[in-house]
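Colleague: I would like a close look at a single part of this model. Please take the aromatic residues and then whatever else can be said with them.

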Amino acid sequence: MFTDTSRAISISGPVLMAQCQDRRGDWVYSEINLDKLIGNSRGQLEWGGKDFSVTARNTRVSEGVLIAELTNNNEMDWHTSTLDLNKFISNKGGVLTAK
């Protein structure tokens, strides 16, 4: 779980940011663009898609879980969806990476 070795985890637009421990134990800044990894499939966050942020609002991260309100098929009907990033993101030597 990337949250075991990361702190100050936040998201701005599609970019996940955190202070991550490197191999020496120092805290270093890292970020990863989730739009390249996550999409919106019928109003649900989907790993392996892309550009989720285009149809998302109120995006946040809590304990490694991505939470966002998404539209379904570009309608103006918003639904909350979650995705546990700990299953897909890791901290490798201070760098956030996709597993």
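Is F88 buried, partly exposed or exposed?

Modeller: This is a predicted model, and the answer should be read with that in mind. F88 has a relative accessible area of 21% and is partly exposed, because buried requires a value under 20%. F88 lies in the loop between strand 8 (78-84) and strand 9 (89-92). A search for aromatic pairs through the whole structure returns one. That pair consists of W47 and F88, and it is stacked, with 4.6 Å from centre to centre and 15° between the planes. The two rings come from distant parts of the chain: W47 belongs to strand 5 (residues 44-47), and F88 is 41 residues apart from it. W47 also counts as partly exposed, since its relative accessibility is 25%.

For a residue on the other side of the 20% cut-off, take D22. D22 sits in the loop between strand 2 and strand 3 (27-33). Its relative accessible area is 15%, so D22 is buried. Leaving aside residues up to four places away in sequence, D22 touches V28, G93 and G94.

Strand 2 also has a partner. Strand 1 (residues 6-12) pairs with strand 2 (residues 15-21) in the antiparallel sense, over five bridges. Within this pairing, S12 is opposite V15 of strand 2. The two strands make a hairpin with two residues between them. In that turn, G13 has a positive phi of about 60°.

Note on methods. Residues numbered from 1 in each chain as written. Predicted model: local features only at pLDDT ≥ 70, side-chain atom pairs only at ≥ 80, totals over all residues. Heavy atoms only, no water. Pairing = 2+ DSSP bridges. Helix = DSSP H or I, 4+ residues; strand = E, 2+ residues; numbered from the N terminus. Phe/Tyr/Trp six-rings, centres within 6.5 Å; stacked < 30°, edge-to-face > 60°. Buried < 20%, exposed > 50% of the residue type's maximum accessible area, 1.4 Å probe, protein only. Contact = heavy atoms within 4.5 Å.
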